[in-house]
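Work through the exercises below with the sequence and the model open. Try each task before reading its solution.

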Amino acid sequence: MSIRPQQPAPATPAPGRLPITELAEMKARRQPIVMITAYDAPGGRLADQAGVELILVGDSAAMTVLGHDSTTPATMEEMLILTRAVTRGARRPLVIADMPFGSFQVSDEDAVRNAIRFVKEAGADAVKLEGAGLMLSRVRAIVGAGIPVMGHIGLTPQSATMLGGFKAQGRSAERALELLADARALEASGCFAVVLEAVPAAVAARITAELSIPTIGIGAGVECDGQVLVWHDVLGLYEGGTARFVKRYADIGDRIRRALEEYAEDVRERRFPEDQHTYAMPPGELALFEEASDQREYADDRH
Ligand code: KIV
């Protein structure tokens, strides 16, 4: 039986779930926070068993599991299905749903409505949204509705075109200061944590030191309070190009391919299925079946 309630409320976390307040305590203890993306129930279960604190159902799903070449096509309905699957698999980690492009940019009302859907329909504990500036008002509105929000600045893939492509951010003193100001503003708006993506390590370290909420880095150096990587990058399941900040810990894609080749070979050589994979029939029933089918065949032939 799952201890994650079907319809959790933001104010009533399920027993066994990591309290969100623990993240600030981990920052204070300088204990690194581990976050990984996941997109289905087995992923949620395995990440939980591995002891991670945070699972992000990232809109990277558009690329890693849905086959698009950017994150922007991810829809609310797709993200809800994936988030619901992850929350069925994960018990202790906090599950954070990534608000897809178009689900929060238009208005505070839209943002709150969609954040509520992630909590009510998919069992998410929190949402993440990209950007600062105009998006600070979205953060305040969602937090005001009682839903924890994680910020995300630096390289924000949903606005990669505006940023001039997928490249590191904050490499000039002026842009670094803007990032620091954005991070402070996200904290002041009520975020419980902020993702720093593709930011020089020294800038991320300074932001981390200045904020009282945890920073979660991806391509932002070791001084962040935590780190996040994308499931498919960690496990070698993504065939597209990977960024400089990715570390691959396994080549599961290769192992899957080899297993499928072995299966195909077994089928073609009639080595699979073996006796242990098939069902027998009591001999008497088999004899009756064969006799009855022979009689039916004879009757069919006569018509
Ligand atoms: O969508 C995603 O997976 C993300 C992480 C890279 C932080 O936003």
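This is a predicted model, in which local features need pLDDT of at least 70, side-chain atom pairs count only at pLDDT 80 or more, and totals for chains, interfaces and linings use all residues. Residues are numbered from 1 along each chain as its sequence is written, and side-chain values use heavy atoms, with hydrogens and water left out.

**Exercise 1. Strand partners**

Task: Find the bridge partner of I36 in β2, then place β1 in its sheet.

Solution.
- Step 1. I36 pairs with I55 of β2. Strands are DSSP runs of E with at least two residues, helices are runs of H or I with at least four, and both are numbered from the N terminus.
- Step 2. β1 (residues 33-37) and β2 (residues 54-57) run parallel and share three bridges. Two strands pair if DSSP finds at least two bridges between them.
- Step 3. Turn to β8 (residues 226-229). Four bridges tie this strand to β1, again in parallel. M35 stands opposite V228 there.
- Step 4. Now go round the sheet. Eight strands form a closed barrel in the order β1-β2-β3-β4-β5-β6-β7-β8, with parallel pairing. Neighbouring strands are turned by 25° against each other on average, direction ignored. Axes here are lines fitted to C-alpha atoms, for helices over the stretch in contact, and angles run from 0 to 180 degrees between N-to-C directions.
- Step 5. Check one more pair. β4 (residues 126-128) and β5 (residues 149-154) are parallel and joined by two bridges. V127 has V149 as its partner in β5.
- Step 6. Check the cover of β1. Four of its five residues are buried. Buried means under 20% relative accessible area, exposed over 50%, and partly exposed in between (1.4 Å probe, protein chains only).

**Exercise 2. The core and helix α5**

Task: Which residues of the largest nonpolar core touch the most other members? Follow one of them into its helix.

Solution.
- Step 1. The core has 75 residues, and M35, L54, F118, I142, M150 and L196 touch the most other members. A nonpolar core is a set of buried Ala, Val, Leu, Ile, Met, Phe, Trp, Tyr and Cys residues joined through side-chain atoms within 4.5 Å.
- Step 2. Helix α5 (residues 108-122) gives the largest share of this core, six residues.
- Step 3. List the buried residues of α5: A111, V112, N114, A115, F118, V119 and A122. An α-helix has 3.6 residues a turn, so residues three or four places apart point the same way.
- Step 4. Name the cover. The buried residues of α5 lie under elements including α4 (76-89), β3 (94-98), β4 and α6 (135-144).
- Step 5. Take F118. Beyond four places in sequence, its contacts (heavy atoms within 4.5 Å) include M76, M79, L80, A97, M99 and V127.
- Step 6. Test the length. The 15 residues of α5 should span 21 Å at 1.5 Å a residue, and the end C-alpha atoms are 20 Å apart, which agrees. The expected span is 1.5 Å times one less than the number of residues.
- Step 7. Look just past the end: G123 has a positive phi of about 75°.

**Exercise 3. Helix α10 and the loop after it**

Task: Which aromatic pair does a search of the whole structure find, and what backbone features follow α10?

Solution.
- Step 1. Helix α10 (residues 252-268) has 17 residues and reaches 24 Å between its end C-alpha atoms, close to the 24 Å expected.
- Step 2. G253 is in this helix. At 14% relative accessibility, G253 is buried. Beyond four places in sequence, G253 touches L235, G236 and L237.
- Step 3. The search finds one aromatic pair. The ring centres of Y263 and F272 are 6.0 Å apart and the planes stand at 70°, so the pair is edge-to-face. Rings of Phe, Tyr and Trp (its six-membered ring) pair if their centres lie within 6.5 Å; planes under 30 degrees apart are stacked, over 60 edge-to-face and the rest tilted.
- Step 4. Both rings belong to partly exposed residues: Y263 at 48% and F272 at 35%.
- Step 5. The peptide bond from F272 to P273 is cis, with omega near 0°. P273 sits in the loop between α10 and α11 (283-302).
- Step 6. R270 lies in the loop between α10 and α11. Its phi is near 55°, positive in a residue other than glycine. R270 is exposed at 77%.

**Exercise 4. A second positive phi**

Task: Is A198 buried or exposed?

Solution.
- Step 1. Locate A198 in the loop between β6 (193-197) and α8 (201-210).
- Step 2. Read the backbone: phi is positive, about 50°, although A198 is not a glycine.
- Step 3. A198 is buried, with a relative accessible area of 8%.
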